[in-house]
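Hi everyone, thanks for making room for me today. I'd like to walk you through one model, going from a helix to the sheets and ending on a single side chain. Let me put it on the screen.

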Amino acid sequence: MGERGRPRHPDRLTPAEWRVVDAVRHGLTNREIARRRGTSPDAVKFHVGNAVRKLGLTGRADLRAWRGAPADSALAGRSTEEAAVLGPIGQVSRTVSDLGRAKVFYGDVLGLPHLYTYGDLAFYDCDGVRLFLTSGEPQGGESVLYFGVPDINAAYDTLRERGVEFLGAPHLIFRHESGVEEWMAFFTDPDGHTTAIMARADSR
């Protein structure tokens with residue numbers, strides 16, 4: 001006779017527990033995790049408790065700082081002897097009140113290639129840098145997005161034709177001693193976030 005019940009999982013945590021642990025390490029509350037995963041806060045609390053117990057930790061704070069990875073992850077067992085070196089910016093985020101409306105604006109109006117959408121998260125490609133849109137209540141002080149364009153006047157005309165309302169025409173920001181000029185034009189997204197197009201031009 002074999003053992004009854006679900007077979008023992010080969011990893012120290014189940015896939016569901018790993019997903020919850022990653023969300024906790026991302027800084028999400030149980031209620032936020034439940035909403036994104038379409039489950040109940042009690043179910044999330046259950047997985048958090050199981051993970052803390054299995055890993056021999058004392059609580060949620062320790063779980064946030066725990067550095068483990070699933071057995072089948074590319075990071076499992078990887079050495080950390082190499083010095084940390086920062087690379088180029090890989091992703092910027094922006095909180096939007098209506099993800100559907102924001103997807104129309106950033107995808108259809110601004111023309112950014114859509115990478116994928118997961119629940120209330122959407123990702124777009126900005127020439128190698130990912131724009132991460134998350135649904136929520138926009139907070140003040142978010143970073144300004146500056147999109148580089150080869151021809152600022154052409155970009156200005158095209159975006160105006162698509163319905164973008166600029167705060168002003170393209171204007172000179174600075175002229176370097178080398179003769180290179182930096183030009184910008186600002187507009188806002190549907191949530192009022194300041195956004196801009198920018199270009200460099202050689203005046204020589």
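Let's begin with helix α5, residues 99-109, where Leu99, Ala102, Phe105, Tyr106, Gly107 and Val109 are buried. Please keep in mind throughout that this is a predicted model.

What covers those buried residues of α5? The cover includes strands β1 (91-96), β3 (121-126), β4 (129-135), β5 (145-148) and β7, along with helix α6 (152-161).

Have a look at the two ends of α5 as well. At the N-terminal end, Asp98 acts as the cap, with a side-chain oxygen 3.1 Å from the backbone nitrogen of Gly100. After the helix comes Gly111, which has a positive phi, near 80°.

Now to the sheet under that helix. Four strands make an open sheet with mixed pairing, in the order β1-β4-β3-β2. Its edge strands are β1 and β2 (114-118), each of them paired on one side only. From one strand to the next, the twist averages 20°. Strands β2 and β3 are antiparallel partners over 4 bridges, and if you zoom in there, you'll find Tyr116 opposite Phe123 in β3. Helix α5 lies across β1, β2, β3 and β4, and its direction is at about 10° to β3.

On to the other sheet. This one is also open, with 4 strands ordered β5-β8-β7-β6 and mixed pairing. Here β5 and β6 (171-175) are the edge strands, each pairing on one side only. Ignoring direction, neighbouring strands are turned by 30° against each other on average. Helix α6 packs on this sheet, where it touches β7 and β8 (194-202), and its direction makes about 150° with that of β8.

Let's stay with β6 and β7, which pair in the antiparallel sense over 4 bridges. Leu172 stands opposite Trp183 in β7.

That brings me to my last residue, Glu182, also found in β7, which spans residues 180-188. Is Glu182 buried or exposed? Its relative accessible area is 16%, and the cut-off for buried is under 20%, so Glu182 counts as buried.

And which side chain does Glu182 meet through a polar contact? That's His176, with the two side chains 2.7 Å apart at this contact. Beyond its neighbours within four places in sequence, Glu182 is in contact with His171, Leu172, Ile173, Phe174, His176, Ala199 and Arg200.

That's my tour, and I'm happy to rotate the view for anyone who'd like another look.

Notes
Residues are numbered from 1 along each chain as its sequence is written. This is a predicted model: local features need pLDDT of at least 70, side-chain atom pairs count only at pLDDT 80 or more; totals for chains, interfaces and linings use all residues. Side-chain values use heavy atoms; hydrogens and water are left out. Buried means under 20% relative accessible area, exposed over 50%, partly exposed in between (1.4 Å probe, protein chains only). A polar contact is a pair of N or O atoms within 3.5 Å; within protein, one must be able to donate a hydrogen and the other to accept it, and residues adjacent in sequence count only if both atoms are side-chain atoms. Contact means heavy atoms within 4.5 Å. Two strands pair if DSSP finds at least two bridges between them. Axes are lines fitted to C-alpha atoms, for helices over the stretch in contact, and angles run from 0 to 180 degrees between N-to-C directions.
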